[in-house]
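Here's a quick tour of a protein's insides. Have a look at the structure, then work through the notes on its cores, a strand pair and its hidden spaces.

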Amino acid sequence: MKKLVASVLSLALLIPAAGSVYAQPGYHKKVKDVEFVGMAAPQTDAERNDLMYSDASIRVTDPNGHQRTVDLSYNLLFKPGDVINGKITGTTVDTEGHVITDDSGRPFISTAPDSNSLMKVAGKLYLINHFESIPSNREIGRLPNAVYLNRVEQDKKTGKLTVTDITPVDFSADGGIWTPCAGILSPWNTHLGAEEYEPDARAHERNPDNSAVTQFARNYYNDPQKIGNPYLYGHLPEITVNAKGEATAIKHYSMGRLSFERTTVMPDNRTVYIGDDGGYTMMFMYIADQAKDLSAGTLYAAKWIQTDAKDGGAANLKWIKLGHAADKEIKELAQSLTFSDIFETSSVPADGFTPVRTSSSGGKTEYLKVRPGMEKAAAFLESRRYGAIKGATSEFNKMEAVEYNKTDNKVYMAMSYIEKGMLQGNTDPVDDIHVDKISAGGVYELSLTKGQKDSESHQIDSNYVAGSIDGLVMGEDLAAADENGNTANVDKIANPDNIVYSGSMRTLFIAEDSSMHSNNFAWAYNIDTKKLSRIVSVPGGGEATGLQLQQNLHGYTYLMVSSQNPGHVGYLQLPQLTGR
């Protein structure tokens, strides 16, 4: 049986730690202001089609008004298919760790790198990469995907990074990795990933022999008789790297089952906000029982109570408790239950059945009833369907990454396309969200408060509960395409996906996954001045992914940025500054 190789495009913006910016005698070591000076949109065919590049710069001002401007530059780490330490980058492997190849013995190559977590463990640097999808063919069908642990060396004088070894991360304890999308480095220095677009257990049950999850399982286990288990996929994986450079992966079944995107962890190290990608999705919050331990906790889903329809809309939020669970008990349920074990169904409206429309069914209305005693299984294995039955809002469209601003106590949330279920006048069973259409999408701001109660008036055990949501920075649709094929304003964001925030720079970094811009961009948005600066351009057809901000690694700060289709791995570098 054959398997795939992946392609990763990863950039990193390399910035010296703030204290080293003015290190010469006579200069203050504190920085008053950091401003990104944006670049123009691509002008030439080579810029539009061949290059991932930056012509942007950074202007640093000290308290005395002294300024220094430094250009950004791109440095390649590797391309998919490159051989590093005798291993081909991005291949996918089976349950025994063997590379999957095609009939001619060639490994499949992915062009869809996503998440990056650059981390330091026992004084050494590592980079965890996701490969979101592996190209399949008609004979093989769906293939398992891949997550890699990369060993990284850093030149202490220049900050230059070099990948010296690559190792696929073993997910055999949980049936492999489904669609690894975005991820973060946790506050306790582990990688928190995401399994996106979980398989529909109801559709699988109708025709298990021909479902995508069975194709996946047969390739992963190299067993043509294997029947897949959809409830093993659609969870949050956590990867720990030990002092020997060995990676251990687990999945957190107690955090629910959905289309995970980038999460963000609050300062209590317990409260986690989760992005849920797709059409007719849901806003989730998880509160762990113990700090820095996501193996047990309480899952909530949000109810949107609208207050405005303009500029992305605004709403108050009420949180609906779905349940409390531990990983072990939900994994046992996942291994044994089917969709019909959890729900009764009707094809038409009927007494006792709730009409719901969620991404789980492809946006089709279903009539569901939870079987007696199956509430916990429904909450954690069918979180979106159960949440809709309980009254949570399931109309979000293309909800992507979430991020936290500690100083202002805000959570940011990317909504790639503000359309479909979020609009007025649709035929949804419930119409909580009815805002004006912005196909170019936008980023929202959630305000957090203490002392909130859930929908049943029970105290929520967290001081970081979102009480309201408002549009922050929006894209702008064009009435007709411009001369370069853009259908959204090229000088504003379009279809934001990954986001990451820098408190020291007061800057929200935004990466696009857009069909409305001919080239996708990464942006720097100053939340105080509202200045939006284009800092990276991706070749046509490519998506900007994998944002991660890693500050002060031996005096340098790295902003990782990946690209899918095509893929490269590299970084933008700002040399260490020594004067004005």
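**Packed cores**

The largest nonpolar core has 47 residues, and Met255, Ile274, Phe284, Tyr286, Leu294, Leu322 and Ile342 are the ones that touch the most other members. A nonpolar core here is a set of buried Ala, Val, Leu, Ile, Met, Phe, Trp, Tyr and Cys residues joined through side-chain atoms within 4.5 Å. Keep in mind that this is a predicted model, where local features need pLDDT of at least 70 and side-chain atom pairs count only at pLDDT 80 or more, while totals for chains, interfaces and linings use all residues. Residues are numbered from 1 along each chain as its sequence is written, and side-chain values use heavy atoms, leaving out hydrogens and water.

- Helix H6 (residues 375-381) gives the most to the largest core, with five residues; helices (H or I, at least four residues) and strands (E, at least two) are DSSP runs, numbered from the N terminus.
- Leaving aside neighbours within four places in sequence, Phe284 is in contact with residues including Leu258, Val272, Ile274, Trp319, Leu322 and Arg384; contact means heavy atoms within 4.5 Å.
- Apart from the largest core lies another one, of 37 residues, with Trp304, Met413, Ala440 and Ile460 among them.
- In soluble globular proteins, nonpolar side chains tend to be buried together.

**A strand and its partner**

- Strand S28 (residues 399-405) is mostly covered, with seven of its seven residues buried; buried means under 20% relative accessible area (1.4 Å probe, protein chains only).
- S28 runs antiparallel to strand S29 (residues 410-415), and five bridges join them; two strands pair if DSSP finds at least two bridges between them.
- Tyr404 stands opposite Val411 in S29.
- The hairpin of S28 and S29 has four residues between the strands, and Asn409 takes a positive phi near 55° there.

**Hidden spaces**

- There are two cavities of 30 Å³ or more; a cavity is a set of points on a 1 Å grid over the protein atoms alone where a 1.4 Å probe fits but cannot get out, and lining residues have an atom within 4 Å of a point.
- The largest cavity holds about 90 Å³ of space, a volume being the space filled by probe spheres set on the points.
- Its lining has 13 residues, with Val93, Asn145, Val169, Ile177 and Tyr220 nearest its centre.
- The second largest cavity holds about 30 Å³, and Phe78, Thr89, Tyr148 and Ile166 are among the residues that line it.
- Strands S11 (124-131) and S12 (146-154) each supply at least two residues of that second lining.

Conventions
On a 1 Å grid over the protein atoms alone, a cavity is a set of points where a 1.4 Å probe fits but cannot get out, and a pocket is an open set with protein on both sides within 12 Å along at least five of seven lines; lining residues have an atom within 4 Å of a point. Buried means under 20% relative accessible area, exposed over 50%, partly exposed in between (1.4 Å probe, protein chains only).
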